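Please look through the sequence and the model shown below before reading on. The report that comes after is meant to be read beside them.

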Amino acid sequence: MAEVTLPERVAVTGGAGFIGSHTVELLVGRGRRVLIIDDLSHACPWQPPADVELLVADCGSDEAARALTDFRPDAVLHLAARGGVQRARRDPAAHVRAAVASTVGLFRSAVAAGARRIVTASSGGAAYGRPPRLPASERMRPAPLSAYGASKVAEEVYLACTGREHGVSTMALRYGNVYGERQDGTGEAGVVAITCNRLVAGTAPVINGDGRQTRDFIHVSDVAAANLAALASRREGAVNIGTGRETSVHQVVTTLIHLAGFPGEPDHAPALPGEVRRVCLDTARARRWLGWSARTSLDRGLRCTLAYFQAAPRPAARD
Ligand SMILES: NC(=O)c1ccc[n+]([C@@H]2O[C@H](COP(=O)([O-])OP(=O)(O)OC[C@H]3O[C@@H](n4cnc5c(N)ncnc54)[C@H](O)[C@@H]3O)[C@@H](O)[C@H]2O)c1
């Protein structure tokens, strides 16, 4: 049975980013006090609500630890992360130093500041590698195919260890392929945002590989709702956050081409190394433990996202 008590004071690392901004808006809408810790290395074009505190710092820094101690969070939601599969692949050791080290530091600071609940963002798209069956279930052993996936699983292990060592309740949310309004369309991850960005600019979308690779595409509003459900719960462990549906990249790109009325075909580029071939996520545990399930259909989510890109000023490339 899902618990419904949302903590009063929540610190959100990476709260100025894509998933973070949507989550912070929901928390503030529910009357919660929020501290964002974000180094703004990849922040959204978004202004946090006026009563939200913002510390611009690395989430694993001493400065962040002091801010957490002052804020006294009931719960911490850890969304800060730098880059995805391709960035981590280029320099895995640097990725560990930047991402995993900051994450472990943050977990220690959260405990020291008195947080009773820590929820971290993991990746259902990367953690399972080549799952023996689909949809991939949390009961399957993680077997990532990339340095990014390995770092996410490592962070899950550190979090569970932190929980056992300090008696703090913890959960890792294994997101599917999150898409939606405010996602960066100028980077190398996020096929929906990148495609929208190209369509709005009048250029043909690019599909890496044959396009038959599949993902569990989930709209950011559903992920933000899952984050709140996880903060409110006392269940512990890993939980998939997806739709349970497998959709090919080709299908997503051609749907967006159709919605945009683009008069052409997608271009093809070589497949990217380290990317999984097929994935979708078993969501039974999310329903059971969190009382959560996705509500936004892919069609509606893609329409909203494209409309956002069509209305937004053309963005400058973000790191
Ligand atoms: N977007 C997806 O499809 C997806 C899928 C699975 C998992 N995730 C995970 O969800 C989380 C949020 O992803 P997102 O798509 O919102 O990314 P994002 O890049 O939009 O947001 C991350 C935010 O963290 C900040 N940041 C980065 N490193 C930091 C650090 N060391 N200290 C403080 N702030 C830092 C950035 O400035 C940015 O605002 C990440 O952990 C990501 O790995 C995302």
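What follows describes the surroundings of the ligand, the nonpolar cores, several strands and helices, and two arginines.

This is a predicted model, in which local features need pLDDT of at least 70 and side-chain atom pairs count only at pLDDT 80 or more, while totals for chains, interfaces and linings use all residues. Residues are numbered from 1 along each chain as its sequence is written.

**Around the ligand**

The ligand is surrounded by 27 residues, of which Gly14, Gly17, Phe18, Ala81 and Ala121 are the closest; a residue is near a molecule if its C-beta atom, placed from the backbone, lies within 6 Å of it. Two or more residues of this shell are given by each of helix H1 (18–29), strand S5 (117–123) and strand S7 (177–179), where helices (H or I, at least four residues) and strands (E, at least two) are DSSP runs numbered from the N terminus. H1 provides the largest share, three residues. By character, the shell divides into 13 nonpolar, ten polar and four charged residues, with Ala, Val, Leu, Ile, Met, Phe, Trp, Tyr, Cys and Pro counted as nonpolar, Asp, Glu, Lys and Arg as charged, and the others, Gly among them, as polar.

**The nonpolar cores**

In soluble globular proteins, nonpolar side chains tend to be buried together. A residue is called buried if 20 or more other C-beta atoms lie within 10 Å of its own, exposed if 12 or fewer, and partly exposed in between, with C-beta atoms placed from the backbone. A nonpolar core is a set of buried Ala, Val, Leu, Ile, Met, Phe, Trp, Tyr and Cys residues joined through C-beta atoms within 7 Å. The largest such core here has 77 residues, and those with the most contacts inside it are Leu173, Val223, Ala226, Ala230 and Val239. Helix H8 (residues 220–232) gives the most to this core, nine residues. Apart from it lies another core of 14 residues, including Ala88, Ala136, Ala150 and Val279.

Two residues are in contact if their C-beta atoms, placed from the backbone, lie within 7 Å. Once its neighbours within four places in sequence are left aside, Ala230 is in contact with Val119, Met171, Leu173, Val239 and Leu290.

**Helices H8 and H1**

Because eleven of the 13 residues of H8 are buried, this helix is largely enclosed by the rest of the structure; among the buried ones are Val220, Asp222, Val223 and Asn227. The expected span of a helix is 1.5 Å times one less than its number of residues, and for the 13 residues of H8 this gives 18 Å, which agrees with the 19 Å between its end C-alpha atoms. For the twelve residues of H1 the expected span is 16 Å, and the end C-alpha atoms are 17 Å apart, which also agrees.

In H1 the buried residues are Phe18, Ile19, Gly20, Ser21, His22, Thr23, Val24 and Leu27, and what covers them includes strand S1 (9–13), strand S2 (33–37), S4, S7 and H8. After H1 comes Gly31, whose phi is positive, near 75°.

**Strands and their pairing**

Two strands pair if DSSP finds at least two bridges between them, and the table lists three such pairs.

| Strand pair | Bridges | Direction | Partner residues |
|---|---|---|---|
| S1 and S2 | five | parallel | Val10 and Val34 |
| S4 (residues 75–78) and S5 | four | parallel | Leu77 and Val119 |
| S5 and S6 (residues 169–175) | seven | parallel | Thr120 and Ala172 |

In S5 seven of its seven residues are buried. Both of its faces are covered, with Arg117, Val119, Ala121 and Ser123 on one side and Ile118, Thr120 and Ser122 on the other. S1 is likewise largely enclosed by the rest of the structure, because four of its five residues are buried.

**Two arginines**

Arg245 lies in the loop between strand S11 (237–241) and strand S12 (247–248), and is partly exposed because 18 other C-beta atoms lie within 10 Å. Not counting residues up to four places away in sequence, Arg245 touches Asp216 and Cys280.

Arg89 belongs to helix H3 (residues 85–90) and is partly exposed because 17 other C-beta atoms lie within 10 Å. Its contacts, leaving aside neighbours within four places in sequence, are Ser146, Ala147, Pro273 and Gly274. The C-alpha atoms of Arg89 and Ala147 are separated by 5.8 Å, although the two are 58 residues apart along the chain.
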